[in-house]
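Please open the structure in your viewer and keep the selection tool at hand. We will take it one stop at a time.

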Amino acid sequence: MKKRKNIITVAIDSPAAAGAGTQAKLIAKNYNLFYLDTGKIYRYIGKLKLEDEKKFTYKFIKKKINNLKMIYLKNKSLLSNEVAVSASKIAKDKKIRNIVHKFQQNCAYNPPKRYSGSVLDGRDITTIQVKDAMFKFYITASVEVRAKRRFEEYQKLNKNISYTEVLKSLKKRDKSDKQRKYGPLKKTKDSILINTSKLSKKASFKKIKAIMDKKLKY
Ligand code: C5P
(Lines give C-alpha, C1' and ligand atoms only; values in the text may rest on other atoms or scores of the structure.)
Protein backbone atom coordinates (compact mmCIF):
# COMPACT_ATOMS: atom_id res chain seq x y z
CA MET A 1 0.00 0.00 0.00
CA LYS A 2 1.20 3.49 -0.87
CA LYS A 3 1.59 5.67 2.19
CA ARG A 4 1.34 9.45 2.37
CA LYS A 5 4.66 10.83 3.60
CA ASN A 6 5.26 13.14 6.56
CA ILE A 7 1.92 12.67 8.20
CA ILE A 8 1.12 12.44 11.89
CA THR A 9 -0.22 9.00 12.83
CA VAL A 10 -1.84 8.31 16.17
CA ALA A 11 -2.84 4.79 17.25
CA ILE A 12 -5.01 4.18 20.29
CA ASP A 13 -6.16 0.94 21.87
CA SER A 14 -8.52 0.66 24.78
CA PRO A 15 -11.15 -1.54 26.39
CA ALA A 16 -14.77 -0.49 25.76
CA ALA A 17 -15.98 2.82 27.20
CA ALA A 18 -12.59 3.96 28.52
CA GLY A 19 -12.89 7.36 26.87
CA ALA A 20 -10.66 6.61 23.87
CA GLY A 21 -13.21 7.93 21.37
CA THR A 22 -13.52 11.23 23.20
CA GLN A 23 -9.76 11.63 23.36
CA ALA A 24 -9.32 10.60 19.73
CA LYS A 25 -11.83 13.27 18.66
CA LEU A 26 -10.01 15.92 20.70
CA ILE A 27 -6.68 14.86 19.20
CA ALA A 28 -8.17 14.94 15.69
CA LYS A 29 -9.56 18.43 16.20
CA ASN A 30 -6.45 19.86 17.78
CA TYR A 31 -3.98 18.49 15.23
CA ASN A 32 -6.26 18.50 12.16
CA LEU A 33 -6.25 14.71 11.82
CA PHE A 34 -8.68 12.34 10.13
CA TYR A 35 -10.47 10.27 12.78
CA LEU A 36 -11.62 6.67 12.41
CA ASP A 37 -13.42 4.87 15.21
CA THR A 38 -12.60 1.31 14.08
CA GLY A 39 -15.08 -0.20 16.55
CA LYS A 40 -17.86 1.31 14.44
CA ILE A 41 -16.86 -0.89 11.50
CA TYR A 42 -17.17 -4.02 13.65
CA ARG A 43 -20.45 -2.67 14.98
CA TYR A 44 -21.64 -2.10 11.41
CA ILE A 45 -20.84 -5.73 10.56
CA GLY A 46 -22.31 -6.94 13.86
CA LYS A 47 -25.53 -5.16 13.00
CA LEU A 48 -25.63 -6.74 9.54
CA LYS A 49 -25.55 -10.12 11.26
CA LEU A 50 -28.39 -9.18 13.60
CA GLU A 51 -30.46 -7.94 10.66
CA ASP A 52 -30.22 -11.04 8.51
CA GLU A 53 -28.21 -14.04 9.56
CA LYS A 54 -28.98 -15.89 6.29
CA LYS A 55 -27.42 -13.19 4.12
CA PHE A 56 -24.37 -12.96 6.37
CA THR A 57 -21.59 -14.51 4.27
CA TYR A 58 -17.96 -13.40 3.77
CA LYS A 59 -18.84 -12.35 0.23
CA PHE A 60 -21.68 -10.19 1.52
CA ILE A 61 -19.49 -8.58 4.20
CA LYS A 62 -16.73 -7.89 1.66
CA LYS A 63 -19.17 -6.14 -0.64
CA LYS A 64 -20.54 -4.06 2.22
CA ILE A 65 -17.04 -2.99 3.32
CA ASN A 66 -16.00 -2.17 -0.24
CA ASN A 67 -18.98 0.17 -0.45
CA LEU A 68 -18.67 1.51 3.07
CA LYS A 69 -19.15 5.26 3.45
CA MET A 70 -18.09 7.14 6.58
CA ILE A 71 -21.62 8.44 7.00
CA TYR A 72 -22.91 4.88 7.59
CA LEU A 73 -20.72 4.73 10.69
CA LYS A 74 -22.48 7.74 12.20
CA ASN A 75 -25.80 5.92 12.40
CA LYS A 76 -27.15 6.00 15.97
CA SER A 77 -28.42 2.43 15.68
CA LEU A 78 -24.79 1.28 15.99
CA LEU A 79 -24.64 2.54 19.58
CA SER A 80 -26.82 -0.09 21.26
CA ASN A 81 -25.47 -2.76 23.61
CA GLU A 82 -27.00 -5.48 21.45
CA VAL A 83 -24.95 -4.29 18.46
CA ALA A 84 -21.79 -3.99 20.63
CA VAL A 85 -22.18 -7.60 21.77
CA SER A 86 -22.71 -8.81 18.21
CA ALA A 87 -19.66 -6.77 17.09
CA SER A 88 -17.50 -8.41 19.73
CA LYS A 89 -18.61 -11.85 18.52
CA ILE A 90 -17.99 -11.30 14.80
CA ALA A 91 -14.67 -9.55 15.64
CA LYS A 92 -13.21 -12.93 16.67
CA ASP A 93 -13.37 -14.11 13.08
CA LYS A 94 -10.00 -13.85 11.35
CA LYS A 95 -11.52 -13.60 7.87
CA ILE A 96 -13.77 -10.73 8.93
CA ARG A 97 -10.83 -8.93 10.57
CA ASN A 98 -8.85 -9.28 7.34
CA ILE A 99 -11.71 -7.78 5.31
CA VAL A 100 -11.72 -4.75 7.59
CA HIS A 101 -7.94 -4.25 7.76
CA LYS A 102 -7.40 -2.75 4.30
CA PHE A 103 -10.09 -0.13 4.85
CA GLN A 104 -8.61 0.85 8.22
CA GLN A 105 -5.01 1.00 7.06
CA ASN A 106 -5.98 3.10 4.09
CA CYS A 107 -7.62 5.60 6.45
CA ALA A 108 -4.51 5.58 8.67
CA TYR A 109 -1.87 5.94 5.98
CA ASN A 110 -3.77 7.80 3.25
CA PRO A 111 -6.09 10.21 5.00
CA PRO A 112 -7.78 12.83 2.77
CA LYS A 113 -5.33 15.54 1.72
CA ARG A 114 -6.95 18.26 3.82
CA TYR A 115 -5.82 16.46 6.97
CA SER A 116 -2.30 16.48 8.44
CA GLY A 117 -2.57 12.82 9.40
CA SER A 118 -4.82 10.31 11.13
CA VAL A 119 -5.96 9.01 14.47
CA LEU A 120 -7.49 5.55 14.82
CA ASP A 121 -8.85 3.93 17.94
CA GLY A 122 -9.84 0.31 18.55
CA ARG A 123 -8.44 -2.92 19.98
CA ASP A 124 -5.65 -3.86 17.56
CA ILE A 125 -4.45 -0.50 16.31
CA THR A 126 -1.15 -0.26 18.20
CA THR A 127 -0.53 -4.01 17.93
CA ILE A 128 -1.36 -4.68 14.27
CA GLN A 129 -3.01 -1.95 12.22
CA VAL A 130 -0.72 1.02 12.73
CA LYS A 131 2.22 -0.60 14.50
CA ASP A 132 4.59 2.11 13.31
CA ALA A 133 2.40 5.02 14.46
CA MET A 134 4.19 8.17 15.53
CA PHE A 135 2.14 8.12 18.76
CA LYS A 136 0.78 5.06 20.51
CA PHE A 137 -1.57 5.27 23.47
CA TYR A 138 -3.31 2.69 25.62
CA ILE A 139 -6.28 4.35 27.26
CA THR A 140 -8.00 2.58 30.10
CA ALA A 141 -10.15 3.04 33.22
CA SER A 142 -11.57 0.74 35.88
CA VAL A 143 -14.45 -1.39 34.66
CA GLU A 144 -16.81 0.23 37.20
CA VAL A 145 -16.00 3.74 35.96
CA ARG A 146 -16.42 2.60 32.37
CA ALA A 147 -19.76 0.96 33.13
CA LYS A 148 -20.98 4.13 34.86
CA ARG A 149 -20.01 6.27 31.87
CA ARG A 150 -21.57 3.91 29.34
CA PHE A 151 -24.73 3.58 31.49
CA GLU A 152 -25.10 7.38 31.51
CA GLU A 153 -24.64 7.48 27.71
CA TYR A 154 -27.37 4.85 27.31
CA GLN A 155 -29.68 6.85 29.55
CA LYS A 156 -29.21 9.90 27.34
CA LEU A 157 -30.05 7.75 24.33
CA ASN A 158 -33.16 6.47 26.17
CA LYS A 159 -31.88 2.88 26.07
CA ASN A 160 -33.56 0.62 28.57
CA ILE A 161 -30.62 -1.10 30.30
CA SER A 162 -29.56 -1.15 33.97
CA TYR A 163 -26.10 -0.30 35.36
CA THR A 164 -25.66 -3.94 36.44
CA GLU A 165 -26.40 -5.18 32.94
CA VAL A 166 -23.95 -2.69 31.43
CA LEU A 167 -21.25 -3.74 33.90
CA LYS A 168 -21.83 -7.43 33.19
CA SER A 169 -21.78 -6.88 29.45
CA LEU A 170 -18.56 -4.82 29.58
CA LYS A 171 -16.81 -7.47 31.67
CA LYS A 172 -17.83 -10.16 29.20
CA ARG A 173 -16.70 -8.07 26.23
CA ASP A 174 -13.36 -7.23 27.94
CA LYS A 175 -12.70 -10.92 28.45
CA SER A 176 -13.56 -11.84 24.90
CA ASP A 177 -11.58 -8.92 23.40
CA LYS A 178 -8.49 -9.70 25.49
CA GLN A 179 -8.52 -13.47 25.16
CA ARG A 180 -9.41 -13.98 21.53
CA LYS A 181 -6.88 -15.51 19.17
CA TYR A 182 -6.81 -12.82 16.49
CA GLY A 183 -6.15 -9.16 17.24
CA PRO A 184 -6.56 -9.41 21.02
CA LEU A 185 -6.54 -6.23 23.05
CA LYS A 186 -3.23 -5.72 24.83
CA LYS A 187 -0.91 -2.88 25.67
CA THR A 188 2.27 -2.81 23.64
CA LYS A 189 5.50 -1.87 25.41
CA ASP A 190 5.84 1.28 23.35
CA SER A 191 2.30 2.55 24.05
CA ILE A 192 1.83 5.28 26.62
CA LEU A 193 -0.65 4.35 29.33
CA ILE A 194 -3.39 6.86 30.10
CA ASN A 195 -5.69 5.84 32.94
CA THR A 196 -8.80 8.03 32.83
CA SER A 197 -10.49 6.56 35.96
CA LYS A 198 -9.86 9.69 37.98
CA LEU A 199 -9.27 12.14 35.17
CA SER A 200 -11.78 14.41 33.47
CA LYS A 201 -11.91 14.55 29.66
CA LYS A 202 -10.03 17.82 29.82
CA ALA A 203 -7.33 16.54 32.18
CA SER A 204 -6.83 13.39 30.08
CA PHE A 205 -6.43 15.44 26.94
CA LYS A 206 -4.01 17.80 28.65
CA LYS A 207 -1.74 14.82 29.37
CA ILE A 208 -1.95 13.54 25.81
CA LYS A 209 -1.43 16.99 24.31
CA ALA A 210 1.68 17.60 26.43
CA ILE A 211 3.19 14.32 25.14
CA MET A 212 2.33 15.08 21.53
CA ASP A 213 3.39 18.73 21.61
CA LYS A 214 6.76 17.78 23.05
CA LYS A 215 7.52 15.37 20.23
CA LEU A 216 6.06 17.61 17.54
CA LYS A 217 7.98 20.54 19.04
CA TYR A 218 4.96 22.81 19.12
O1 C5P B 1 -14.98 0.23 20.42
P2 C5P B 1 -16.32 -0.45 20.39
O3 C5P B 1 -16.83 -0.77 21.74
O4 C5P B 1 -17.29 0.31 19.56
O5 C5P B 1 -16.05 -1.84 19.62
C6 C5P B 1 -17.04 -2.84 19.49
C7 C5P B 1 -16.35 -4.20 19.39
O8 C5P B 1 -15.65 -4.27 18.15
C9 C5P B 1 -15.30 -4.48 20.44
O10 C5P B 1 -15.84 -5.06 21.62
C11 C5P B 1 -14.34 -5.41 19.74
O12 C5P B 1 -14.68 -6.75 19.89
C13 C5P B 1 -14.46 -5.02 18.29
N14 C5P B 1 -13.29 -4.26 17.81
C15 C5P B 1 -12.20 -4.98 17.38
N16 C5P B 1 -11.10 -4.32 16.88
C17 C5P B 1 -11.08 -3.00 16.80
C18 C5P B 1 -12.19 -2.24 17.25
C19 C5P B 1 -13.28 -2.91 17.77
O20 C5P B 1 -12.18 -6.20 17.46
N21 C5P B 1 -10.01 -2.40 16.27
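Here is a short tour that starts at the ligand and then visits some salt bridges. Keep in mind along the way that this is a predicted model.

**Stop 1: the ligand and its shell**

Select the ligand and show what lies around it. You should find 15 residues surrounding the ligand, and the closest are Arg43, Arg97, Arg173, Asp177 and Arg180. What classes of residue make up this shell? There are 7 charged residues, together with 4 polar and 4 nonpolar ones.

Now colour the helices. At least two shell residues come from each of α2 (38-51), α4 (81-90) and α8 (163-179). Of the contributors, α2 gives the most, with 4 residues.

**Stop 2: contacts with the ligand**

Pick Thr38 next: a polar atom of its side chain sits 2.9 Å from a nitrogen atom of the ligand. Move on to Arg43, where a polar side-chain atom is 2.6 Å from an oxygen atom of the ligand. At Arg123, look at the backbone instead, since a backbone N or O atom there lies 3.0 Å from a nitrogen atom of the ligand. Taken alone, the ligand would expose 450 Å², and the protein buries 94% of that.

**Stop 3: a salt-bridge network**

Keep Arg123 selected and add Asp177 and Arg180; a network of salt bridges links these three residues. Zoom in on the side chains of Asp177 and Arg180, which meet in a salt bridge at 3.4 Å, N to O. Are these two buried or exposed? Asp177 has a relative accessible area of 5%, so it counts as buried, the cut-off being under 20%. Arg180 is also buried, at 8% relative accessibility.

**Stop 4: two further salt bridges**

The whole structure holds 12 salt bridges, so there is more to explore. Select Lys49 and Glu53, whose side chains form a salt bridge of 3.7 Å, N to O. Lys49 is partly exposed, with a relative accessible area of 25%, while Glu53 is exposed at 54%.

Then go to helix α9 (residues 201-216), where Lys209 and Asp213 lie 4 residues apart, about one turn of the helix. Their salt bridge brings the closest N and O atoms to 2.8 Å. Lys209 is partly exposed at 29% relative accessibility, whereas Asp213 is buried at 15%.

**Last stop: Glu152**

Finish in helix α7 (residues 143-156), the place of Glu152. Glu152 is partly exposed, with a relative accessible area of 36%. Add Tyr163 to the selection: the two residues are 11 apart in sequence, and 8.7 Å separates their C-alpha atoms in space.

Notes
Residues are numbered from 1 along each chain as its sequence is written. This is a predicted model: local features need pLDDT of at least 70, side-chain atom pairs count only at pLDDT 80 or more; totals for chains, interfaces and linings use all residues. Side-chain values use heavy atoms; hydrogens and water are left out. A residue is near a molecule or strand if one of its heavy atoms lies within 4 Å of it. A polar contact is a pair of N or O atoms within 3.5 Å; within protein, one must be able to donate a hydrogen and the other to accept it, and residues adjacent in sequence count only if both atoms are side-chain atoms. Accessible areas come from the Shrake-Rupley method with a 1.4 Å probe; for residues, only the protein chains shown count as cover. Ala, Val, Leu, Ile, Met, Phe, Trp, Tyr, Cys and Pro count as nonpolar, Asp, Glu, Lys and Arg as charged, and the others, Gly among them, as polar. Buried means under 20% relative accessible area, exposed over 50%, partly exposed in between (1.4 Å probe, protein chains only). A salt bridge is a side-chain nitrogen of Lys or Arg within 4 Å of a carboxyl oxygen of Asp or Glu.
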